[in-house]
Amino acid sequence: MLEQPGAPVARSGALGQDGKVTPEPDSATVDATPSDQLREEYAQLAEEIRAHRIAYYQDAAPTVSDAEFDALFRRLEELEALHPELVSNDSPTQEVGGEVSAAFTPVDHLARMYSLEDVFSLDELRAWLDRASAGVEQRSPGARVSWLTELKIDGLAVNLLYRKGELVRAATRGDGVTGEDITHNVLTIASIPRHLAGSDHPQEVEVRGEVFFPTKEFGQLNERMVAAGKAPFANPRNAAAGSLRQKDPAMTAERPLDMYVHGIGARTGLAAETQSETYDLLKAWGLPTSPYYKVLQTQDEILDYIAHFGEHRHDLLHEIDGIVIKVDSFALQRALGHTSRVPRWSVAYKYPPEEVNTKLLDILVNVGRTGRVTPFGLMEPVKVAGSTVGMATLHNQEVVKAKGVMIGDIVVLRKAGDVIPEIVGPVLALRDKQDPPVREFVMPTECPSCGTPLQPAKEGDVDIRCPNARSCPSQLRERVFHLAGRGAFDIEALGYEAAIALTQPAEPAIPPITTEAEIFDLTPEKLADVKIERDKKVKGVVTGRELVPYFYSRGTAKKPSEPSATTRKLFTELEKAKKQPLWRVLVALSIRHVGPTASRALATAFGSMERIRTASEEELANVDGVGPTIAAALKEWFAEDWHREIVDRWAAAGVRMEDEVDESAPRTLEGLTIVVTGSLQRYNRDEAKEAIITRGGKASGSVSKNTSYVVAGENAGTKLEKAEALGIPVLDEDGFIALLQNGQASDGGPAT
C-alpha cells in the first residue's frame, strides 16, 4: 500500500512535540532562507505528490512506483525540515493520503483513520523504537512496552462500522476524516460477516482492515482483462482497489477479494486493553484476522521477524511491502498520541522496493540453446530489489501481446527477491506523453544470429525457433554456458563471458570451439590469441571500446603473456568435470525437455549412456518421471549424427558415460516418494537426492497426496506447510537417516 513515509528518523536533532526530528543547525543551514528557485521546487514537488495521490487512490492507476513516490515525499520533508516557513496547512506532509471520489457517496469516519510513518532501513527502525520507548518512559515511567508486529498488506484500507453486531457501513480511508461509501461492494466479499458471531457485541465499533487481491488469482484476472481487450492491472493492490470501487457490485462480486482486519477506531462498550486482545475478540466475532501477527518484547525479536518474512514474503496468500510494529497497550498508545498525520505508537518498516517504473527502450530477441527465440525488454537501467536491472524476459510474442507493452512505454518492472526480472505491464496513463511515440513490437522472421528463416510455432506450442541448431552461434554459446552450469558439469570458471569468448570472440575469426564436442579438447595454446571487446576506461570514465585478451594476460616486453589464474582454473575444472555422474552428463547435452529430474531417472534406470542411446522409445517412456514427450525428444536427439559425435568425443576425452552401481546400498525406499526441503547439516540437496535414488526411492521436488515423506531442514518453506496441511509425515535429519537405513524413521515412525 502506498503510504506517505514519516520524518527520516536517522537524522540527529531534537524530538519535537509533533514527533518529528528537528535537524541540528550547521554551517550549511543556519540563517538559510529559501530562494525563489527552492520555493518553486517545493511548490512543484507538492503539486506532483498531490497528482500522484489522485492517480493512486482515486484512479487505482499510479504513474510512478511506490519507491519513486517515497523518494519524492522524503525530498518534500527534507525541504520542510530545512525551511519550516514553507509548510502550509495543505502540505502533503500534513494530510493523510487519499481523496474522496465524486463517484461514491462521502461518509465521515467516527474516528480518524491515520496513515503510518515509514522507515526504510533497520537503523531508522532502531532509532524509531528507541524514540518510542523513550516517549513511553517519559510519559509512563517504568512501563514495559510490548510490540505487536504484523505484515503490512499491500491492499486497500477499509473501515467497517458495526452497530450491535450488524454491519451498517463500509468506507475507504479517503483523507482519513471522510471516505467513500462502498458498503454494497464490501458485502460481496465472503470473508466479511454481515452479522458478528457470538454475543455481547459493542454498541458501536469501527473495524479497520485491508482488502487485498490474492496473489494466486491475480495472474488469472489479468489474462481475462487482456482477453476482453482491457488494460491489465500493474499489481494486486491496484486490482483490489479497482475491484472494490466498481460502480456495479456485481462486478466486484466476480473478483476473489479477501480482507484481514488489523485494528479498531471508534468504539462504545469495548473493554479490551491491548491491540492483541482486540485481535482475539475480532477473531471470535468471525472477522478475518491475519495468522501472522506476533506480540514481541525486544528489538532483536522484531528484527528476526522482519528477516523471516523478508525471506518468505512470496510464500504468502497476499502481497506485502513491509512490516508494521505497534505498541500493544492502548493506554500507552493514548499516552504517545498522534501527529497531524501519523500515530507516534506505530511505524511501518518498508522492504526494498520490488516494483519500479522505467522506460522500455526496445524489444529484442535472444536465441536459446534449443533454438527458442525469446523476446526481451531492453530498458533504462534501474535499481530494484537490491540490483540494477536493464533487461527482462518477455518469454514469447504472445506474452508481449498479452501484456500490452509497446516499445517506448514506461513500464512496471518487478523483481521479487531472486526471481528473474519481469515486465508486468505498461503505465498506460503515460503512453501518449512519450517522445518519440511508442511503437509495436514485430517478431523477426529470420534468426538475428545466423540469418536462418525462423520456424513457426508448431501446433500446441507458442515458441518460434531457429532450426539451425548445429551452427547457429547463439545456440552454441547458450549450450556451452549451460553445460558448465551447476546442474550439469559444474565448471565455475566457464561463465557467460567465457562462453562468448570460446564461441564468438572478437579475434581470431575462427573461434576456439565450433561445437560443444570440442570442449574437452581445448588446450591453453588454443586460447592464447582469443580477444573480446570491452569498454576502455580512463580513471573510471569510459572513453571507447578496445580489444583485450580474455584467457591470457596482456603481457609486456619484460613479462610475456601467460594464462590467467581463471584460465588455469578452467582446465583444472574441465578435468574434474569428466568424473561427474551420468545424470549430469545428460543434462549437459541440452536435450529438449531433459532436465535434472528426468536425467536422474534415466541414469538410475539404465546406468549407461549406451543403454539410453539404444533403448526403444517405449522403454524410455516407461521410466517413472520420463514419459512419452521426453522419450520422443531423446530418440529425436540421438538420431542426429552430430549429436552422437558430441557423446563419442566426450567419451574419448575421458568423460564418464556409465555409473558405478553401489550394490552395497540397500533398496530400503522402494515405492516411496520423498521431498527434501530446507537445509540439512549432513547432506546438500544433490547428495540427499542421490541417497534417495540409490536406495530405490523417488526424489520429488513438489509435495502432493502421493508424497510418502517430507524431509524438512532449516528454513523449510511452503513445502513443509503443504505437507502439514495434507497430513504427510515430516522427518527431521535424524529421521531421514533412519529412513535411508531401514525404510522407516526413528522410533518406527515420522520424526516431526
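These questions and answers walk through a predicted model, from its sheet and helices to some unusual backbone spots.

User: In what order do the four strands of the open sheet run?
Analyst: Strands of a sheet pair through backbone hydrogen bonds, either parallel or antiparallel. Here the pairing is antiparallel. The edge strands are β7 (166-172) and β10 (258-268), each paired on one side only. The twist averages 25° from one strand to the next. The order is β7-β6-β9-β10.

User: Which residue in β9 is the bridge partner of Tyr 162?
Analyst: Strand β6 covers residues 156-163, and strand β9 covers residues 204-212. They pair in the antiparallel sense over eight bridges. In β9, the bridge partner of Tyr 162 is Val 205.

User: Which helix lies across β9 and β10?
Analyst: Helix α6 (residues 236-244) lies across β6 and β9, at about 45° to β6. So β9 and β10 have to be looked up separately: the helix there spans residues 275-284 and runs at about 115° to β10. That helix is α8.

User: Is α12 oblique or parallel to α13?
Analyst: Two packed helices are described by the angle between their axes and the distance between the axes. Helix α12 (residues 473-483) and helix α13 (residues 496-503) have axes 9 Å apart. Their angle is about 135°. Angles over 145 degrees would count as roughly antiparallel, so α12 is oblique to α13.

User: How many nonpolar residues does the contact of α12 with α13 have?
Analyst: From α12, the contact includes Leu 476, Val 480 and Phe 481. From α13, it includes Tyr 496, Ala 499 and Ile 500. By class, one residue is polar and two are charged, while the nonpolar ones number seven.

User: Where does the cis bond from Asp 435 to Pro 436 place its proline?
Analyst: Most residues other than glycine have a negative phi, and most peptide bonds are trans. The bond from Asp 435 to Pro 436 is cis, with omega near 5°. Pro 436 lies in the loop between β18 (422-426) and α12.

User: What is omega for the cis bond from Glu 507 to Pro 508?
Analyst: Pro 508 sits in the loop between α13 and β19 (531-538). The peptide bond that leads into Pro 508 from Glu 507 is cis, with omega near -5°.

User: Is His 395 buried or partly exposed?
Analyst: His 395 lies in the loop between β16 (387-393) and α11 (397-403). Its phi is near 70°, positive in a residue other than glycine. Buried would need under 20% relative accessible area. His 395 has 36%, so it is partly exposed.

Notes
Residues are numbered from 1 along each chain as its sequence is written. This is a predicted model: local features need pLDDT of at least 70, side-chain atom pairs count only at pLDDT 80 or more; totals for chains, interfaces and linings use all residues. Side-chain values use heavy atoms; hydrogens and water are left out. Axes are lines fitted to C-alpha atoms, for helices over the stretch in contact, and angles run from 0 to 180 degrees between N-to-C directions. Helices (H or I, at least four residues) and strands (E, at least two) are DSSP runs, numbered from the N terminus. Angles under 35 degrees count as roughly parallel, over 145 as roughly antiparallel, 65 to 115 as roughly perpendicular and the rest as oblique. Contact means heavy atoms within 4.5 Å. Ala, Val, Leu, Ile, Met, Phe, Trp, Tyr, Cys and Pro count as nonpolar, Asp, Glu, Lys and Arg as charged, and the others, Gly among them, as polar. Two strands pair if DSSP finds at least two bridges between them. Buried means under 20% relative accessible area, exposed over 50%, partly exposed in between (1.4 Å probe, protein chains only).
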